[in-house]
Amino acid sequence: MVEQVKVVVLPDGRLDRKNAAAFLGREPKTLADWNSRGIGPRSVKVGGRVFYYLVDLEAYRDTGAREAA
């Protein structure tokens, strides 16, 4: 059985770190650690906050890819 998780996706397809972590089934701290080490899904910084695009999270989830194709 697959567990469904509700996440908030902004109109432009971005998720904040908390929602991105929920999407991947990880803790926000894990994504912060990955980001500092240059691994994990691609992230963007906007106004001092880190966001992840849904397409990049899906690619990472499906293939472990650094970036979406």
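How many of the 69 residues of the protein chain count as buried? The share is 25%. Keep in mind that this is a predicted model.

**Layout**

The protein chain has three helices and three strands, and along the sequence they follow the pattern β-α-α-β-β-α. Contacts across the sequence matter for the picture below: taking contacts with a separation of 6 or more, 45% of them involve residues 24 or more positions apart.

**The sheet**

Let's start with the strands. Three of them form an open sheet in the order E1-E3-E2, with antiparallel pairing. E1 and E2 are the edge strands, each pairing on one side only. From one strand to the next, the twist averages 45°.

Two helices sit on this sheet. H1 packs on the sheet, touching E1 and E3, and its direction makes about 100° with that of E1. H3 also packs on the sheet and touches E1 and E3, with its direction at about 65° to that of E3.

Now for the pairing itself. Strand E1 (residues 14–16) and strand E3 (residues 49–53) are joined by three bridges and run antiparallel. Strand E2 (residues 44–46) is likewise joined to E3 by three bridges, again antiparallel. Here are some residues that face each other across those strands:

| Residue | Partner in E3 |
|---|---|
| Aspartate 16 | Phenylalanine 51 |
| Lysine 45 | Valine 50 |
| Valine 46 | Arginine 49 |

The hairpin of E2 and E3 has two residues between the strands, and glycine 47 takes a positive phi there, near 60°. Phenylalanine 51 comes up again on the side-chain level: the charged end of arginine 14 sits over its ring, 4.4 Å from the centre.

**Helix H1 and its neighbours**

Which residues of H1 are buried? They are Asn19, Ala20, Ala21 and Leu24. As a reminder, an α-helix has 3.6 residues a turn, so residues three or four places apart point the same way. The buried residues of H1 pack against E1, H2, E3 and H3. Just after H1 comes glycine 25, whose phi is positive, near 75°.

How do H1 and H2 pack, in terms of angle and distance? Helix H1 (residues 17–24) and H2 meet at an angle of about 100°, and their axes are 8 Å apart. That angle falls between 65 and 115 degrees, so H1 and H2 are roughly perpendicular to each other. On the H1 side, the contact is made by Arg17, Lys18, Ala20, Ala21 and Leu24. H2 contributes Pro28, Leu31, Ala32, Trp34 and Asn35.

Leucine 24, found in helix H1, deserves a look of its own. Is leucine 24 buried or exposed? Its relative accessible area is 17%, and buried means under 20%, so leucine 24 is buried. Leaving out residues up to four places away in sequence, leucine 24 touches Leu31, Trp34, Pro41, Leu57, Tyr60 and Arg61. Leucine 57 is 33 residues away from leucine 24 in sequence, while the C-alpha to C-alpha distance is 7.4 Å.

**The aromatic pair and helix H3**

Two of the residues touched by leucine 24, Trp34 and Tyr60, bring us to the aromatics. The count comes to one aromatic pair. Tryptophan 34 and tyrosine 60 form that pair, with 5.6 Å centre to centre and 50° between the planes. Why is the pair called tilted? Planes under 30 degrees apart count as stacked and over 60 as edge-to-face, so the 50° of this pair makes it tilted.

The pair links distant parts of the chain, with tryptophan 34 in helix H2 (residues 28–37) and tyrosine 60 in helix H3 (residues 54–63), 26 residues apart. Tryptophan 34 has a relative accessible area of 11%, which means that tryptophan 34 is buried.

Alanine 59 also lies in helix H3. With a relative accessible area of 17%, under the 20% cut-off, alanine 59 is therefore buried. The C-alpha atom of alanine 59 is separated by 9.9 Å from that of arginine 42, and the two residues are 17 apart along the chain.

Key
Residues are numbered from 1 along each chain as its sequence is written. This is a predicted model: local features need pLDDT of at least 70, side-chain atom pairs count only at pLDDT 80 or more; totals for chains, interfaces and linings use all residues. Side-chain values use heavy atoms; hydrogens and water are left out. Rings of Phe, Tyr and Trp (its six-membered ring) pair if their centres lie within 6.5 Å; planes under 30 degrees apart count as stacked, over 60 as edge-to-face and the rest as tilted. Helices (H or I, at least four residues) and strands (E, at least two) are DSSP runs, numbered from the N terminus. Buried means under 20% relative accessible area, exposed over 50%, partly exposed in between (1.4 Å probe, protein chains only). A charge sits over a ring if NZ of Lys or CZ of Arg is within 6 Å of the ring centre and within 35 degrees of the ring normal. Two strands pair if DSSP finds at least two bridges between them. Axes are lines fitted to C-alpha atoms, for helices over the stretch in contact, and angles run from 0 to 180 degrees between N-to-C directions. Angles under 35 degrees count as roughly parallel, over 145 as roughly antiparallel, 65 to 115 as roughly perpendicular and the rest as oblique. Contact means heavy atoms within 4.5 Å.
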